[in-house]
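Me: Please take me through this model with care, beginning with how far it can be trusted and going on to the contact between the chains and the strands.

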Amino acid sequence: MKGSATRRDPGLAFVAPFLLVYVLVLILPMIHGVWLSLHIVDIWGDGHFAGIANYARLAADPVFAQSLGNTFLVTLMIVPLLMIIALGLGLALNRATRGAAVLRGIFFSSAVLSVTIVTLIWRFILAPDAGLLGELAQAAGFEPLPFLSSPELALWALAITTIWWSIGLPMLLFLAGLQQVPGDLYEAAALDRASRWRTFVSITLPSLKRTTILVVMLQTAAQLQLFGQAQLLTAGGPSGASRTVVLFMNEVAFGRWELGYAQAAAEVLFVIILAVTLTQYWLTGRAGEGEHGR
Amino acid sequence: MEYDKAVAPRSEPAKLRLVPGLQLRGVSKSFKSTAVLDAVDLDVGSTEFIAFLGPSGSGKTTLLRIIAGLETADSGEVILDERRIDLAAPGDRNVAMVFQSYALYPHMTVRENMAFGLRNAGVGKAEIETLIADAARVLEIEALLDRRPAQLSGGQRQRVAIGRAIVKKPRLFLLDEPLSNLDAALRLRTRVELAQLRTRVEAGVIMVTHDQAEAMTLADRIVVFNDRRIQQVAAPMEIYLRPANKFVAQFVGSPAMTILPARLADGGEHAAVTLGCGARVETRVPRADLPAASALEIGLRPEHVRVSESGEGPEAQVLLVERLGERSLVYGQLSDGGLITAEDKGTSSLKAGDRVALAIDGASAHLFGPDGRGFHGREA
């Protein structure tokens with residue numbers, strides 16, 4: 001129809017600036033990335049087409065395999081703990097008192113710090129010789145734990161630092177979720193003789209299901225890309241025990257200048273994150289059917 | 001409960017006769033500095049249907065929530081079936097509540113919603129099944145048992161909420177504005193169902209409502225609330241025919257009763273009054289009942305003021321005519337400026353600006369003293 005066509009043209013003009021930027025900084029680099037991952041290329045030369053050679057090399061690279069394992073492991077350490085702590089804080093601070101408001105602000109404040117400051121703070125705490133934890137352990141008569149220099153503990157150091165840094169947003173999301181639970185459900189439960197625990201399990205937790213799904217998906221996607229803490233706190237060490245995939249990419253691209261190879265690792269991580277979050281969405285989406293409204 | 005033993009001797013046996021049913025003794029409640037209920041006393045029979053009627057903010061919902069245990073009274077006692085319950089947990093009071101919003105658990109099926117309270121009370125699986133099946137049959141929700149609240153219509157949710165209360169076999173049902181979320185047609189149907197329901201349950205019912213039609217049609221007795229206090233407790237027609245005070249007289253009945261200033265005039269055994277416009281009205285209120293003051297107010301329901309066919313009676317100017325079909329309501333202004341509501345036949349040809357004469361049925365008139373107290377004809 002002529003009328004709708006003329007109406008669409010000015011509409012297009014309005015979204016054009018956004019579309020232009022979107023294509024330039026997102027779509028084109030994504031396509032270029034795939035192209036790059038199929039080439040052997042450094043930043044000085046043009047490189048040449050290599051097919052799936054980069055991917056084949058990745059599959060056989062023990063360093064990549066180790067960093068992939070580290071990434072999964074640290075994500076598994078962070079996400080469940082983060083969920084439990086954020087939910088606990090949300091439950092404890094879901095009240096309209098001045099004290100709760102102040103504490104909400106305090107617990108959220110770590111989220112506004114940059115990764116350099118966060119890792120600096122945690123260096124002071126985790127350093128075995130002069131760190132806070134070490135001093136405390138010694139005062140209590142224990143041997144201080146070498147968080148930053150032990151291959152077994154380095155990932156825990158990353159996990160603890162990350163949880164402290166990123167607790168604010170999940171806590172706020174849980175608080176928002178809790179405030180959406182209608183108060184009369186709790187009153188009905190009280191009249192139904194539900195104990196505090198039964199009320200929590202049967203009313204609060206099911207009501208937070210959507211929030212929980214959201215937090216798990218956001219955090220999983222974020223932690224699979226963990227980078228700054230690993231680089232600044234442990235530099236991936238000792239002997240690669242805390243090297244994550246993004247840190248591996250960083251080393252390959254800007255240490256060894258093998259752009260195609262690094263890009264191939266990035267494509268693999270991209271597919272993994274997509275697969276994991278889609279799987280979570282699919283699993284929880286089916287279980288959550290029929291829960292719209294009440 | 002240890003509590004029961006501790007309390008029984010403390011209460012005064014002469015004043016407090018313990019009988020089955022609900023008794024409220026001196027229940028008061030304030031939120032911060034705002035008083036909501038002021039020393040409320042009330043007795044409800046063990047199978048009585050009571051309606052709490054009153055405007056918003058009159059304290060009726062707060063009193064219901066105090067009985068349920070969702071609010072704590074500042075002072076006073078709540079006694080159900082000879083047991084003081086005001087310090088017991090909501091779940092231990094033998095009461096069930098139907099919330100205005102229904103408050104169904106959204107992630108549970110209808111069956112689970114109804115079973116939740118029974119499971120928490122430790123009722124056996126087989127018995128729970130029986131109780132749910134019985135309630136579902138009575139409420140005709142058997143086909144809905146495996147659905148979730150989101151998959152139900154408003155009326156169905158309402159039934160489930162009632163079902164969740166019934167299966168607990170409480171001694172007292174508390175209904176908070178149970179019909180207010182339903183559309184007009186469904187509300188009428190559910191009203192009939194509520195009336196039938198009460199014949200099936202061996203328990204008292206207290207229903208909070210601001211809809212006088214609901215209260216009039218359903219309740220054995222109506223408790224009219226206003227301004228933190230109970231204004232009157234009586235059977236529906238008693239409330240309508242013999243309102244205890246000016247507030248009850250104007251709140252119950254639609255359209256509201258006309259209230260006009262009136263002076264006591266000379267006369268015989270029954271009081272006669274003179275209205276501001278000069279008209280004399282012979283009431284059936286015994287003169288001996290009235291207070292000494294001569295400045296009174298007269299209350300006239302619209303059906304007792306008719307547009308006069310003969311043209312005799314006080315004159316009024318018509319302000320507005322509402323044609324309701326079987327009758328018309330005529331809002332008019334008397335010569336002294338007083339506003340009055342009268343009735344005319346359904347085919348009334350009156351229009352705003354007309355002048356009409358009114359015939360006042362003095363025998364049905366109510367009188368109110370300077371303090372607002374109501375006086376009525378003996379045989380009315």
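**Confidence, interface and strands**

Reply: The mean pLDDT of chain A (pLDDT being the predictor's confidence in each residue, from 0 to 100) is 85, and 94% of the residues of chain A reach 70 or more. This is a predicted model, in which local features need pLDDT of at least 70, side-chain atom pairs count only at pLDDT 80 or more, and totals for chains, interfaces and linings use all residues. Residues are numbered from 1 along each chain as its sequence is written, chains are lettered from A and ligands numbered from 1 in the order in which they are written, and side-chain values use heavy atoms, with hydrogens and water left out.

Me: In which helix of chain B is confidence lowest?

Reply: Chain B averages a pLDDT of 87, with 94% of the residues scoring at least 70. Over residues 1-15 of chain B, however, the pLDDT is below 50, and where pLDDT is low, the predicted coordinates should not be read in detail. With helices (H or I, at least four residues) and strands (E, at least two) taken as DSSP runs numbered from the N terminus, the highest mean in chain B, 94, belongs to strand β9 (residues 221-226), whereas the lowest, 39, belongs to helix α1 (residues 2-7).

Me: How much area do chain B and chain A bury between them?

Reply: The contact, meaning heavy atoms within 4.5 Å, takes 26 residues from chain B and 21 residues from chain A. Buried area is the accessible area (1.4 Å probe) that two parts lose on being put together, summed over both. Of the area buried between chain B and chain A, 58% is on carbon and sulfur atoms, and the value is about 2100 Å².

Me: Across the interface of chain B and chain A, how many salt bridges does the rule find?

Reply: The rule asks for a side-chain nitrogen of Lys or Arg within 4 Å of a carboxyl oxygen of Asp or Glu. A:R193 and B:D92 form such a salt bridge, their closest N and O atoms being 3.2 Å apart. Across the interface of chain B and chain A, the number of salt bridges found is three.

Me: Why does the salt bridge of B:R171 and B:D81 tie together parts that are apart in sequence?

Reply: The closest N and O atoms of B:R171 and B:D81 are 2.7 Å apart. B:R171 lies in the loop between α5 and β7 (172-176) of chain B, and B:D81 in the loop between β4 (75-80) and β5 (83-84) of chain B, so the parts that the pair ties together are separated in sequence by 90 residues.

Me: Which strands are at the edges of the open sheet in chain B?

Reply: Two strands pair if DSSP finds at least two bridges between them, and six strands of chain B form an open, antiparallel sheet in the order β13-β12-β11-β14-β20-β21. Each edge strand pairs on one side only, and the two are β13 (280-286) and β21 (374-375) of chain B.

Me: In the hairpin of β16(B) and β17(B), which residue takes a positive phi?

Reply: Seven bridges join β16(B) to strand β17 (residues 327-334) of chain B, and the two run antiparallel. Within this pairing, the bridge partner of B:L320 in β17(B) is B:Y331. The hairpin has three residues between the strands, and the residue with a positive phi, near 105°, is B:G325.
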